[in-house]
Amino acid sequence: MSFSAIRLEEKQQAFAELREIKTLLAARGWFPGTSGNLSIRTGEFSPEQFAFAITASGKDKSVNTPSDYLLVDQSGQPIETTGLKPSAETLIHCEIYRLTGCGAIFHVHTVFNNLVSELYAERGSVPVDGVELIKAFNIWEEEAHIDIPILPNYAEIPRIAELVEGAIVPRIPGILLRKHGIYAWGANAFEAKRHLEAFEFLFEYAYRWALLKK
Ligand SMILES: CSC[C@@H](O)[C@@H](O)C(=O)COP(=O)(O)O
Ligand SMILES: [Zn+2]
């Protein structure tokens, strides 16, 4: 595949989808202080060569401007001439696309995802038992138990990216970074949003349940 094969309509569609989800999540306060990043895969792909549209680094994600997104390749390098810098966390997106074949990745910082990542940091994962919203991950067994993986929040993003492969649990479409935020993914934007919302519900539940049990 050549990246010139990414048609203008595909790029515009990806940017429009990113804008829609960004606006919606911003209204929930899920991008405090310019945090968070979003991406959607574009064009044909193989595990070795692919491209995706991603939010530019350092932007206020609660504001829509004509220069919020850019296209990058599987290594996170821009594939078009642009003055925009891809998200500082693009390498994590690259790894998740490469390893899962997913179509969209959404990353947000919330108080609840930060709290549970610290509460269960030593354990290495957030346990959740039998909560109905686990079904949002297409896990249908009764009283299902899941563990949502937590990675350390190193300052160097490549150090985090190299841990992603060992952390991914096939049926769990997300990874927490300790006292940082959640990366949730799905086959497309619809599914990634459903997963992200389910994670956030489960994190608030896990936090409140841990308090109640005390
Ligand atoms: C401004 S705090 C958040 C950042 O350090 C980072 O974690 C983040 O999510 C946003 O980075 P960005 O480069 O804008 O994609
Ligand atoms: Zn972040």
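How do the residues of the shell around ligand 1 divide into nonpolar, polar and charged? Keep that question in mind while you find your way around this predicted model, in which the tour begins at the metal.

**First stop: the zinc ion**

Select the zinc ion (ligand 2) and display the side chains of Glu89, His107, His109 and His180, which coordinate the metal at 2.1 to 2.7 Å, the glutamate through OE and the three histidines through NE2. The site has 6 donor atoms with angles of 74 to 173 degrees among them, and its geometry is octahedral. For comparison, the ideal angles for six octahedral donors are 90 or 180 degrees. If you follow the donor residues along the sequence, you will find them spaced as E-x17-H-x1-H-x70-H. Now colour the chain by secondary structure: Glu89 sits in the loop between β3 (69–73) and α2 (90–100), while His180 sits in the loop between β7 (174–177) and β8 (181–186), so this pair ties together parts that are 91 residues apart in sequence. Turn on a surface for the protein chains, and note that Glu89 and His180 are both buried.

**Second stop: ligand 1**

Keep Glu89 and His180 selected and add ligand 1, since these two residues also take part in the contacts here: a polar side-chain atom of Glu89 lies 2.5 Å from an oxygen atom of ligand 1, and a polar side-chain atom of His180 lies 3.0 Å from an oxygen atom of this ligand. Add Asn37 as well, whose side chain has an N or O atom 3.0 Å from an oxygen atom of ligand 1. Taken alone, ligand 1 exposes 420 Å², and the protein buries 73% of that area. Widening the selection brings in the 14 residues that surround ligand 1, of which Ser57, Gly58, Lys61, Ser87 and Glu89 are the closest. Here the opening question finds its reply, for the shell divides into 1 nonpolar, 11 polar and 2 charged residues.

**Third stop: the loop between β5 and β6**

Leave the ligands and move to the loop between β5 (125–129) and β6 (145–151), where you can select Asn138. Most residues other than glycine have a negative phi. Asn138, however, has a positive phi of about 65 degrees although it is not a glycine, and this residue is partly exposed, with a relative accessible area of 48%. Glu143 is also found in the loop between β5 and β6, and although it is not a glycine, Glu143 has a positive phi of about 50 degrees. On the surface view Glu143 is exposed, with a relative accessible area of 59%.

How values were computed:
Residues numbered from 1 in each chain as written. Chains lettered and ligands numbered in written order. Predicted model: local features only at pLDDT ≥ 70, side-chain atom pairs only at ≥ 80, totals over all residues. Heavy atoms only, no water. Donors = N, O, S within 2.8 Å, 3.2 Å for Na, K, Ca; no water. Tetrahedral: all angles 85-135°; square planar, octahedral: opposite > 155°, others 65-115°. Helix = DSSP H or I, 4+ residues; strand = E, 2+ residues; numbered from the N terminus. Buried < 20%, exposed > 50% of the residue type's maximum accessible area, 1.4 Å probe, protein only. Near = heavy atom within 4 Å. Polar contact = N/O pair within 3.5 Å; in protein donor to acceptor, adjacent residues only side chain to side chain. Areas by Shrake-Rupley, 256 points an atom, 1.4 Å probe, with all protein chains shown as cover. Nonpolar A, V, L, I, M, F, W, Y, C, P; charged D, E, K, R; others polar.
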